[in-house]
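Let's take a walk through this one together, starting from how the strands are joined and working inwards. Have a look at the fold before reading on.

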Amino acid sequence: MTEQQPPEEQAAPRPAAHRGPPVEVAAEVLDAQGERTAGALRLALRDMAIESGGRDDVPWVRVARENLTRAVDSCVRSPNLRVDMLHCLFAVDYEERIELNYALFSLGKGHKALLKVDLPPDEARADSLTGVWEAAAWYERETHDLFGVEFDGNPDLSPLILFEGFEGHPGLRSFPLHDYEEW
């Protein structure tokens, strides 16, 4: 049987959100290559860009969900960009929105960029990009598994990571995880 410590000797519980020293985020400053890519993105996405930024050689542009397919098509067809590769798709749950991030590359022009789309968590759906890049199918299946995002037009959203019948979406902040306690 263990003896309980008096209140003044009990350790205060640590906040669950952040443990460790403060994190310093680098300023969003584009280098020369990033500025060239950002300029080409501005031309390609003229009226679709809601917000933009970037760091080093990777600019990013946020577009509305309904403009996703048109924005990707513009990036692929733009003679200044010629985006020919979807390097990655990842999602971030900010609770009030789910942000989809498409990492785009132009192998011939040497451009890298992020295309961002916000989805409301209660209607997390976007157009599939499998008609543009076959590789999108796997990324969309993973995002569907972990975040519950529906991709309209994807012919196969069967589980990729999770087993059939798994309940919930473990990438969401609302997914119940057991708290880890250090000894």
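Two strands count as paired here if DSSP finds at least two bridges between them. With that in hand, start at strand 1 (residues 49-55): six bridges join it to strand 2, and the two run antiparallel. Keep in mind that this is a predicted model. One of those pairings puts Gly-54 across from its bridge partner Pro-59 in strand 2. Strands 1 and 2 make a hairpin with two residues between them, and in that turn Asp-56 has a positive phi of about 55°.

Strand 2 also pairs with strand 5, this time in the parallel sense, over four bridges. Here Val-63 stands opposite Val-117 in strand 5. How much of strand 2 is buried? Mostly covered is the answer, with five of its six residues buried.

Now step back to the whole chain. There are three helices and seven strands, and reading along the sequence gives α-β-β-α-β-β-β-β-α-β. Of the 183 residues in the protein chain, 35% are buried. Among contacts between residues at least 6 apart in sequence, 53% join residues at least 24 apart. As for the outside, the chain exposes about 11900 Å², and carbon and sulfur atoms supply 53% of that.

Next, helix 2 (residues 68-77). Its buried residues include Leu-68, Ala-71, Val-72, Ser-74 and Cys-75. Why do they sit on the same side of helix 2? Because they cover an arc of only 160° around the axis. The spacing makes sense in general terms: an α-helix has 3.6 residues a turn, so residues three or four places apart point the same way. What covers these buried residues includes helix 1 (32-44), strand 2 (58-63), strand 4 (98-106), strand 5 (111-119) and strand 6 (125-127).

That brings us to the interior. In soluble globular proteins, nonpolar side chains tend to be buried together. The largest nonpolar core in this model has 33 residues, and Leu-45, Leu-100, Tyr-102 and Leu-115 touch the most other members. Helix 1, strand 2, helix 2, strand 3 (85-93), strand 4, strand 5 and helix 3 (136-147) each supply at least two residues of this core.

Leu-115 is a good place to finish. Leaving aside residues up to four places away in sequence, Leu-115 touches Leu-45, Leu-100 and Tyr-102, among others. Its contacts also include Val-61 and Val-63, along with Leu-68, Ala-71 and Val-72, which are among the buried residues of helix 2.

Key:
Residues are numbered from 1 along each chain as its sequence is written. This is a predicted model: local features need pLDDT of at least 70, side-chain atom pairs count only at pLDDT 80 or more; totals for chains, interfaces and linings use all residues. Side-chain values use heavy atoms; hydrogens and water are left out. Buried means under 20% relative accessible area, exposed over 50%, partly exposed in between (1.4 Å probe, protein chains only). The arc is that of the directions from the helix axis to the C-beta atoms. Contact means heavy atoms within 4.5 Å. Accessible areas come from the Shrake-Rupley method with a 1.4 Å probe; for residues, only the protein chains shown count as cover. A nonpolar core is a set of buried Ala, Val, Leu, Ile, Met, Phe, Trp, Tyr and Cys residues joined through side-chain atoms within 4.5 Å.
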